[in-house]
Amino acid sequence: MTRARMPRPHEVAAARRDPRLLRALAERRLDEAWRTRGVCQSVDPETFFPAPSEPADPAVALCRTCEVQGPCLAWALDAGDAHGVWGATTPRERRAMQIAWQAPAGQIPPDGSQPGRDVRDRLLSLVPLT
Ligand code: SF4
């Protein structure tokens, strides 16, 4: 088993601007029943867990058609799930997103509601690049 390398600063910077991450932030807790509506419900689960030597493209393409990719990616980032394709992202992409995702606890409203756009922008800009 090989160890995953740490994301490089330019990868984290790109992750901060990634529309998939911003969508996940916006839809983080909007749909607690997202799993029941995922496109993957009707596809072989193995598709979403390709071997390291296999391409993830087929799974990512399916995710891109899925209406719940925002909450799905938010779940994977909250869980720190390092395996498989979630919310149209590969594990490598999520490692960079994970750094941007980790916000100071006090920045998230206690009721779990969505922060406004200015707060989300601040959350993403507060995370150190190193
Ligand atoms: S985004 Fe992908 S992994 Fe997530 S629910 Fe949809 S199809 Fe499944």
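Val12 belongs to helix α1, the stretch covering residues 9-17. In this predicted model, Val12 counts as buried because its relative accessible area is just 1%, and the cut-off for that label is under 20%. Follow the chain along by 82 residues from Val12 and Arg94 turns up; the C-alpha atoms of the two are separated by 9.7 Å.

Stepping back to the whole chain, the fold is built with six helices and zero strands. Read from the N terminus on, the order of elements is simply α-α-α-α-α-α. The chain has 130 residues, and 38% of them count as buried.

Next comes helix α2, which takes in residues 19-26 and has Arg20 as one of its members. Is Arg20 buried or exposed? The relative accessibility of Arg20 is 15%, so this residue falls on the buried side of the 20% line. The side chain of Arg20 also has a partner: a polar contact of 2.6 Å links it to the side chain of Asp18.

The loop between α2 and α3 holds a couple of residues worth a look. One of them is Trp34, which is buried because its relative accessibility comes out at 9%, and buried means under 20%. Trp34 and Val68 are 34 residues apart along the chain, yet 5.8 Å is what separates their C-alpha atoms. Phe48 is also placed in the loop between α2 and α3. With a relative accessible area of 6%, Phe48 is buried too. Here the C-alpha atom of Phe48 pairs up with that of Ala59, which is 11 residues away along the chain, at a separation of 5.3 Å.

Both Trp34 and Phe48 show up again around the ligand. The full set of residues there is Trp34, Gly38, Val39, Cys40, Phe48, Cys63, Cys66, Val68, Gln69, Cys72, Val85 and Gly87. What kinds of residues make up this shell? Sorted by class, nine are nonpolar and three are polar, while no charged residues appear in the shell.

As for where the ligand is found, it sits in the second largest pocket. A word on how such spaces are found may help here. Rolling a probe the size of a water molecule over the atoms reveals where empty space remains. The second largest pocket has a volume of about 300 Å³. Its lining is made up of 19 residues, and those nearest the centre of the pocket are Cys40, Gln41, Phe48, Val85 and Trp86. Which helices chip in to the lining with at least two residues each? Helix α3, residues 57-64, does so, and so does helix α4, residues 69-79. In terms of class, the lining of this pocket divides into 14 nonpolar residues, four polar ones and one charged residue.

Past helix α4, the chain enters the loop between α4 and α5, and Gly80 lies in that loop. Gly80 is partly exposed, since its relative accessible area is 40%, a value between the 20% and 50% cut-offs. The C-alpha atom of Gly80 is separated by 8.6 Å from that of Arg95, a residue 15 positions apart from Gly80 along the chain.

Ala88 has its place in the loop between α4 and α5 as well, with α5 spanning residues 91-101. Unlike Gly80, which is partly exposed, Ala88 is buried, with a relative accessible area of 0%. The backbone of Ala88 has something to show too: its phi is near 65°, which is a positive value in a residue other than glycine.

Definitions and conventions. Residues numbered from 1 in each chain as written. Predicted model: local features only at pLDDT ≥ 70, side-chain atom pairs only at ≥ 80, totals over all residues. Heavy atoms only, no water. Near = heavy atom within 4 Å. 1 Å grid on protein atoms, 1.4 Å probe; cavity = no way out; pocket = protein on both sides within 12 Å on 5 of 7 lines; lining within 4 Å. Sits in = over half its atoms within 2 Å of the grid points. Nonpolar A, V, L, I, M, F, W, Y, C, P; charged D, E, K, R; others polar. Points joined across faces, edges and corners; volume = space filled by probe spheres on them. Helix = DSSP H or I, 4+ residues; strand = E, 2+ residues; numbered from the N terminus. Buried < 20%, exposed > 50% of the residue type's maximum accessible area, 1.4 Å probe, protein only. Polar contact = N/O pair within 3.5 Å; in protein donor to acceptor, adjacent residues only side chain to side chain.
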